[in-house]
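This report describes the charged contacts, the nonpolar interior, the enclosed and open spaces and the backbone features of the structure shown below. It proceeds from individual residue pairs to larger groups of residues.

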Amino acid sequence: MPFINVKVAGQKLAQGQVERIQAGITTLMTDILHKVGPLVGVLVEEVPLAGWSVGAAPVACVAQVDAIISAETNTAEEKGRFIAEATRFLIDVLGSQLAEVSYVVIHEVPKDSWGYGGLTQAHRAQNR
């Protein structure tokens, strides 16, 4: 049950861009990190550009992807590929003005520390 939060600052996103980000990030999670598509949660948030700087300087467009996955479920190569592909995808959706310092972060959480439906991921893994 991965959860991905995509924060974007810059020009207002069109509904089509939001939908594209949601679908594209879900696809990357399933194709590269082997997550179960119907369980991938994606939240796209637009944040005020005035609140975001890089190197204390304003930017025209910037993004941050925070992906939460269960610890020890992916290799370093898979995580590196996800980061690279997510970055290319964001440039494709948001445009070449996207700040280079737009981070993609994978947070690995122990399976006993998160879950959904009232059950931890560890519990779900034990009962498969």
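In this predicted model, glutamate 45 and lysine 7 are joined through their side chains in a salt bridge, with an N to O distance of 3.8 Å. Because glutamate 45 belongs to strand S2 (residues 41-46) and lysine 7 to strand S1 (residues 3-9), this pair ties together parts that are 38 residues apart in sequence. Glutamate 45 is partly exposed, its relative accessible area being 28%, and lysine 7 is likewise partly exposed, with a relative accessible area of 28%.

The structure holds 5 salt bridges, and the pair just described is one of them. Another is formed by the side chains of aspartate 92 and arginine 20, with an N to O distance of 2.2 Å. This pair links distant parts of the chain, since aspartate 92 sits in helix H2 (residues 76-94) and arginine 20 in helix H1 (residues 15-31), 72 residues apart. Aspartate 92 is exposed, with a relative accessible area of 52%, whereas arginine 20 counts as partly exposed at 36% relative accessibility.

A further salt bridge is found between lysine 79 and glutamate 108, whose closest N and O atoms are 2.9 Å apart. Here too distant parts of the chain are linked, with lysine 79 in helix H2 and glutamate 108 in strand S6 (residues 103-109), 29 residues apart. Is lysine 79 buried or exposed? With a relative accessible area of 19%, lysine 79 is buried, because the class of buried residues is defined as those under 20%. Its partner, glutamate 108, counts as partly exposed at 34% relative accessibility.

The three pairs are set out in the table.

| Salt bridge | N to O distance | Relative accessible area |
|---|---|---|
| Glutamate 45 and lysine 7 | 3.8 Å | glutamate 45, 28%; lysine 7, 28% |
| Aspartate 92 and arginine 20 | 2.2 Å | aspartate 92, 52%; arginine 20, 36% |
| Lysine 79 and glutamate 108 | 2.9 Å | lysine 79, 19%; glutamate 108, 34% |

From the charged pairs the description turns to the nonpolar interior. The largest nonpolar core comprises 28 residues, and those with the most contacts inside it are Ile4, Val6, Ile21, Ile25, Met29, Phe82 and Leu94. Two or more residues of this core come from each of S1, H1, S2, strand S5 (62-70), H2 and S6, and H2 gives the most, with 6 residues. Methionine 29, one of the residues with the most contacts inside this core, has contacts with Pro2, Ile4, His34, Lys35, Val40, Ile69 and Phe82 once its neighbours within four places in sequence are left aside. Apart from the largest core lies another, of 5 residues, which include Ala9, Trp52, Val59 and Val62.

How many cavities of 30 Å³ or more does a search of the whole structure find? The search finds 1 such cavity, and the space in the largest cavity amounts to about 40 Å³. Its lining is made up of Val8, Gln11, Leu13, Gln17, Cys61, Leu94 and Gln97, which by class gives 4 nonpolar, 3 polar and no charged residues. Leu94 thus appears both in this lining and among the residues with the most contacts inside the largest nonpolar core.

The largest pocket has a volume of about 300 Å³. It is lined by 16 residues, of which Met1, Lys35, Ser70, Gln121 and Arg128 are the closest to its centre. S5 and helix H3 (121-126) are the elements that give two or more residues to this lining, and H3 gives the most, with 3 residues. By class, the pocket lining has 8 nonpolar, 4 polar and 4 charged residues. Lys35, one of the residues closest to the pocket centre, is also in contact with methionine 29.

Two backbone positions complete the description. Most residues other than glycine have a negative phi. Alanine 56, although not a glycine, has a positive phi of about 65°; this residue is placed in the loop between strand S3 (53-54) and strand S4 (57-58), and at 72% relative accessibility it counts as exposed. Glutamate 72, also a residue other than glycine, has a positive phi near 60°. Its place is in the loop between S5 and H2, where glutamate 72 counts as exposed at 76% relative accessibility.

Methods. Residues are numbered from 1 along each chain as its sequence is written. This is a predicted model: local features need pLDDT of at least 70, side-chain atom pairs count only at pLDDT 80 or more; totals for chains, interfaces and linings use all residues. Side-chain values use heavy atoms; hydrogens and water are left out. A salt bridge is a side-chain nitrogen of Lys or Arg within 4 Å of a carboxyl oxygen of Asp or Glu. Helices (H or I, at least four residues) and strands (E, at least two) are DSSP runs, numbered from the N terminus. Buried means under 20% relative accessible area, exposed over 50%, partly exposed in between (1.4 Å probe, protein chains only). A nonpolar core is a set of buried Ala, Val, Leu, Ile, Met, Phe, Trp, Tyr and Cys residues joined through side-chain atoms within 4.5 Å. Contact means heavy atoms within 4.5 Å. On a 1 Å grid over the protein atoms alone, a cavity is a set of points where a 1.4 Å probe fits but cannot get out, and a pocket is an open set with protein on both sides within 12 Å along at least five of seven lines; lining residues have an atom within 4 Å of a point. Grid points are joined across faces, edges and corners, and a volume is the space filled by probe spheres set on the points. Ala, Val, Leu, Ile, Met, Phe, Trp, Tyr, Cys and Pro count as nonpolar, Asp, Glu, Lys and Arg as charged, and the others, Gly among them, as polar.
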